[in-house]
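Biologist: Could you take me through the charged side-chain contacts in this one?
Modeller: Gladly, let's have it in front of us.

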Amino acid sequence: MRNFYLAIILYLCAFYPLHAQDQLGEPVVSASINVSAVVIPSIELITVNSMTFPNLQPGQREIYVNPVNSLNAGFMIAVGMPNTEFRLNYLPERELTQVDGNATLTFTYELSGNNEDNQSTSELLKLDNRNIEFNEEGRYYIWVGGRVNIENAAPGNYEGDFTIEIDYI
């Protein structure tokens with residue numbers, strides 16, 4: 001019989017709402033927190049062509065590769081979420097180091113970009129933090145050029161890195 005009463009009490013307690021109180025008999029306040037996350041796909045930067053330099057002419061003081069109209073410009077495609085805005089940043093001046101020596105050259109980069117794969121209608125991208133947008137296919141086309149003064153350059157091969165940072169807004 002004792003088990004019967006215990007079973008009835010447990011059954012009633014299961015359907016009866018319980019309220020918590022602290023040690024002073026005050027009701028305890030409870031809160032719930034909803035957490036959500038949005039996963040944003042990464043941006044991929046694909047190098048299609050590296051920048052090349054034309055042959056030097058005697059007495060030439062500067063090499064210039066125009067990113068809007070030169071066939072020597074580097075070409076990259078940024079791939080991200082379609083119709084999404086982003087910002088593009090880069091360091092415009094980079095030091096190139098002589099491969100087999102200690103000489104350096106300063107290269108000043110210029111970029112142009114376009115929503116379509118058409119270099120001649122691309123526009124120069126300045127470092128003014130303006131918003132750029134991927135096209136309907138999630139692509140943005142970038143051409144890389146720039147200039148370097150070679151007036152006092154030591155003969156040899158030079159190399160250096162160029163970094164572009166692209167962030168969703």
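Modeller: This is a predicted model, and a good place to start is Arg147, which forms a salt bridge with Glu62, their closest N and O atoms being 2.9 Å apart. Arg147 lies in strand E9 and Glu62 in strand E2, so the pair ties together parts that are 85 residues apart in sequence.

Biologist: Are those two buried or exposed?
Modeller: Arg147 is partly exposed, with a relative accessible area of 30%, and Glu62 is likewise partly exposed, at 35%.

Biologist: Which residue besides Glu62 is linked with Arg147 in a network?
Modeller: That is Glu110, since Glu62, Glu110 and Arg147 are linked in a network of salt bridges. In the contact between Glu110 and Arg147 the closest N and O atoms are 3.9 Å apart. Glu110 belongs to strand E6 (residues 104-114) and Arg147 to strand E9, so this pair connects parts that are 37 residues apart in sequence.

Biologist: Changing topic, how many salt bridges does the count come to?
Modeller: The count comes to three salt bridges, and one of them joins the side chains of Glu151 and Arg61, at 3.9 Å from N to O.

Biologist: Where do Glu151 and Arg61 lie?
Modeller: Glu151 lies in the loop between strand E9 (139-149) and strand E10 (158-159), while Arg61 lies in the loop between strand E1 (44-49) and strand E2 (62-65), so the pair ties together parts that are 90 residues apart in sequence.

Biologist: And what about their accessibility?
Modeller: Glu151 counts as partly exposed at 45% relative accessibility, whereas Arg61 is exposed, with a relative accessible area of 56%.

Definitions and conventions:
Residues numbered from 1 in each chain as written. Predicted model: local features only at pLDDT ≥ 70, side-chain atom pairs only at ≥ 80, totals over all residues. Heavy atoms only, no water. Salt bridge = Lys/Arg side-chain N within 4 Å of Asp/Glu carboxyl O. Helix = DSSP H or I, 4+ residues; strand = E, 2+ residues; numbered from the N terminus. Buried < 20%, exposed > 50% of the residue type's maximum accessible area, 1.4 Å probe, protein only.
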